[in-house]
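Grab a pencil and try each exercise yourself before you read its solution. Here is the structure we'll work on.

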Amino acid sequence: MIDSRIPEGNLADKWTNHKGHCQLVNPANKRKYNIIVVGTGLAGASAAASLAELGYNVMSFCVHDSARRAHSIAAQGGINAAKNYQNDGDSVWRLFYDTIKGGDYRSREANVHRLAEVSANIIDQCVAQGVPFARDYGGNLDNRSFGGALVSRTFYARGQTGQQLLLGAYSSLMKEVNKGQVKLFTRREMLDLVMVDGEARGIVVRNLTTGDIESYAGDAVLLCTGGYGNVFYLSTNAMNSNATAAWRCYKKGAYFANPCYTQIHPTCIPVAGDHQSKLTLMSESLRNDGRVWVPKKKGDTRTPDQIPEAERDYYLETKYPTFGNLVPRDVASRNAKQVCDDGRGVGNSGLAVYLDFRDSIQRLGEDTIRQRYGNLFDMYERITGHNPYKTPMMIYPAVHYTMGGLWVDYNLMSSIPGLHVLGEANFSDHGANRLGASALMQGLADGYFVIPYTLGIYLSSAKLTPLDTSHAAFRDSEKQIRERISTLMNIGGSRPVDDFHKTLGKLMWDYVGMSREEAGLKKILEEIPKLKEEFWSDVKIPGTGDYVNQELEKAGRVADFLELGELMARDALERSESCGGHFRAESKTPEDEALRKDDEFCHVAAWEYKGDKEVPVRHKEELVFENVKLTQRSYK
Amino acid sequence: MSEKLMTLTLKVWRQSGPNDKGQVETYELNNVSPDMSFLEMLDVLNEKLIYEKQEPIVFDHDCREGICGTCSMVINGSPHGPEKATTTCQLHMRKFKDGDTIFIEPFRARAFPVIKDLMVDRSAFDRIISAGGYVSVKAGGAPDGNAIPVSKNTADQAMDAAACIGCGACVAGCKNASAMLFVSAKVSQLALLPQGHAEAGTRAVNMVQQMDDEGFGNCTNTEVCEAVCPKEIKVSNIARMNREYLKATITNDE
């Protein structure tokens, strides 16, 4: 039985009571604790800075050349907070409710309520750091609205909110580096979690510059390493985003929760050719003024300006008259796939739909559209060579965010004592679908306002023996890592790493992508093990492991993606309902909409690793809804 | 979209490590699609090199959306290449012609030592930020976000400066390898906002001191930095930094 350690009491009082009664670490003792934080995105940087401010000794690790690069930086739209500055009826309850509903009733009430409670503190903290949020003419903070909400609660810094929030967290981190309270280790990749007496007590990393295998010991490990969308090869994630650190923790006993929950973002720039290395997201705010359409006729090769109005199918407006082009991400994505599967997709590949601004430009003028979306239109033109003021944009859905992740309890601790997981790397707050402008909120909530309290609960109750890297557990781990690297380097096969990654990505997209069905999931569960075998016998990695070797880095990550992909398929197969971003073709309403099965699946699936040859065990954490009523979402 | 495929001659800087003196290698690459990004073109070249049992070219890159600041390289003599306000990852091959010869080198500066090929060590920038590029506020003690109004104009100017992605193109473009544009962007952002006022003097002095210690050169007002900056950070930030520095040193607010 999984214990989520949700505090007793009324929903609105749980976090306050929990903070008020939790054990504290004596200030004089905090400096005796060494805390390892892996990752320097929003969650990792904010956690490392905040814990250092409290007096803990922090070691901070990242794969990048600087702690300012993590992919949180690419978030465009904004960050939600229940400030109600607009006097439009927002409240902690409403943000909580929107997030629970948006997640299709597959997240924990208590966690989500806490997230909504601390959201307001995040804005205050970031303003104090010097984050230049947009202001109105009176000098107050400005807001915009975002999909899935009826209030205006999103704070933003132009189209670069993620960048500004990350640079704020990075600046706080560097402030603690200057004080000596944080030791920063860049260009280090975590390759193993070290456990002693069943507790997380350290990590082993590869120094990506020197190739050295290095050990670090501590009293707790915080994993803040982001999501696993790159299992699909093509996604909006950065090239270095990977699941290796999380996967190594899974293999040491940390449960992996809801791996099949993947968010596909509807407005991305389509694939241009085989050379495509990643996909670029266009903010979904574009759907406020753009109209989505495809030709009514199959295989219509005319250019868009030659297709008369009567022969265009504005399928979202027809099918969902209330929400129209503003349906949630999962609905918009699935419908784009359907029309393309139907042979009505546009562009060279047939895998795109139009997002047309012609009518908005006629109605509002080109200047207004330029003011609203100028930077996005420029970016689109830079990438595609097409001018969206003159011809409709082409868009297609792409993998964007993973709601699943390592299982954590209310205190953000995984099933391994001492291993805590923050941000996108955990599973806790977004259920089966994340609302826009909520990822930044969660990463910073975990780092600034949750872990500084909950880590103390663990440290004050754990019986930790003094330990350094001379312990045999570190030697064992280093030895295994060296053997694995040596195995990879010695395969001497014929195919580059990317070749395997692309093949895996294609399989995942076809069978564990926007629409999943039993037969396809069973098929991929046979295909991935074959691909894995080919990888371990035919991959080619040039050079040596003794210095910079980017192919070796990629190979280690792809080896783990191959295993994770299998677990995602297994999880998707077991969950024979549709919910949020997980659409099972067998579970839909007569109108082809997602159909949840609350009687069978109102739970978290937490997978336990049992060995490479064994089938993992699926544990259930029942989700109890005491404060909201479960309803089927409708956007008609 | 499917325009003619190109054949290119690539002259690429190869250097096995900091102690290798390095040299330019020449590669021919066929079938380059105009729709490829510059880095995707290098991906294709690397794949070819791997099949030919050669070591692929090492280069830093990550988001490929022009925001993380990881990608670097000097293309035909210009940091991030020929297109204005564009990072290398957002530069597309349609900006080049069939038969072109392209020179690709690392960002060069004494303070940015080469690690391998096109990958350089820019950790000096981290140390400069660590010397003062922040507001010393702890999590938990912040007043309400609207407690101190900030005029829209000021917030916009601060945002203009804060848009810096820390890539180092300003240093690579400057004949003195000066980091003044990078440092001044952060000094300006925080000096403009009321939240950063209290430390404005010490910040300017400490960051400038660290910049000098790292071995960056001085500014001689050529303004190349602004011309090559992919985020169009303005040199007026340097003037503001100089004012902050001067103010701090004559009032002993350092």
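**Exercise 1.** How far apart do the C-alpha centres of domain 1 and domain 2 of chain A lie?

*Solution.* Before we start, note that this is a predicted model, where local features need pLDDT of at least 70 and side-chain atom pairs count only at pLDDT 80 or more, while totals for chains, interfaces and linings use all residues. Residues are numbered from 1 along each chain as its sequence is written, and chains are lettered from A and ligands numbered from 1 in the order in which they are written.

Step 1: find the domains. Domain 1 of chain A is 266-399 and domain 2 is 472-597; such bounds come from an automatic or database domain assignment.

Step 2: take the distance between their C-alpha centres, which is 30 Å.

Step 3: look at where they touch. Five residues of domain 1 of chain A are in contact with five of domain 2 (in contact: C-beta atoms, placed from the backbone, within 7 Å). On the domain 1 side, helix α9 (residues 329-341) of chain A gives the most, with four residues. Helices here are DSSP runs of H or I with at least four residues, strands are E runs of at least two, and both are numbered from the N terminus.

Step 4: sort that domain 1 side by class. You get one nonpolar, one polar and three charged residues. (Nonpolar: Ala, Val, Leu, Ile, Met, Phe, Trp, Tyr, Cys and Pro; charged: Asp, Glu, Lys and Arg; polar: the others, Gly among them.)

**Exercise 2.** Work out how α4 (residues 92-102) and α5 of chain A pack.

*Solution.* Step 1: get the geometry. The axes of α4(A) and α5(A) are 8 Å apart, at an angle of about 135°. Axes are lines fitted to C-alpha atoms, for helices over the stretch in contact, and angles run from 0 to 180 degrees between N-to-C directions.

Step 2: name the angle. Under 35 degrees is roughly parallel, over 145 roughly antiparallel, 65 to 115 roughly perpendicular and the rest oblique. So α4(A) and α5(A) are oblique to each other.

Step 3: give the hand. The crossing of α4(A) and α5(A) is right-handed. (Left-handed: the near helix is turned anticlockwise from the far one by less than a right angle; right-handed: clockwise.)

Step 4: list who touches. α4(A) brings A:Val92, A:Leu95, A:Phe96, A:Thr99 and A:Ile100, while α5(A) brings residues including A:Glu109, A:Val112 and A:His113. Their classes come out as seven nonpolar, three polar and two charged.

**Exercise 3.** Now do a similar job for α5 (residues 180-192) and α8 (residues 236-250) of chain B.

*Solution.* Step 1: these axes come within 8 Å and cross at roughly 70°. That makes α5(B) roughly perpendicular to α8(B).

Step 2: the crossing of α5(B) and α8(B) is left-handed.

Step 3: among the α5(B) residues in the contact are B:Met180, B:Leu181 and B:Val183, and among those in α8(B) are B:Arg240, B:Met241 and B:Glu244. The contact of α5(B) with α8(B) holds eight nonpolar, three polar and two charged residues.

**Exercise 4.** Describe chain B as a whole, then its meeting with chain A.

*Solution.* Step 1: count the elements of chain B: eight helices and seven strands.

Step 2: size it up. The C-alpha trace of chain B spans about 60 × 40 × 35 Å along its principal axes. Of its 254 residues, 56% are buried (buried: 20 or more other C-beta atoms within 10 Å; exposed: 12 or fewer; partly exposed: in between; C-beta atoms are placed from the backbone).

Step 3: turn to the contact between the chains. Chain A and chain B put in 66 residues each. On the chain A side, α6(A) has the largest share, nine residues. By class, that side has 25 nonpolar, 27 polar and 14 charged residues.

**Exercise 5.** Is A:Arg158 buried or partly exposed?

*Solution.* Step 1: locate A:Arg158, in the loop between β4 (154-155) and α6 of chain A.

Step 2: count neighbours. A:Arg158 has 18 other C-beta atoms within 10 Å, so it is partly exposed.

Step 3: check the backbone. Most residues other than glycine have a negative phi. Phi of A:Arg158, though, is positive, near 45°.

Step 4: try A:Gly159, which lies in that loop between β4 and α6 too. With 19 C-beta neighbours inside 10 Å, A:Gly159 counts as partly exposed. Leaving out residues up to four places away in sequence, A:Gly159 touches A:Gln76, A:Ser283, A:Asn375 and A:Leu376.

Notes: Two residues are in contact if their C-beta atoms, placed from the backbone, lie within 7 Å.
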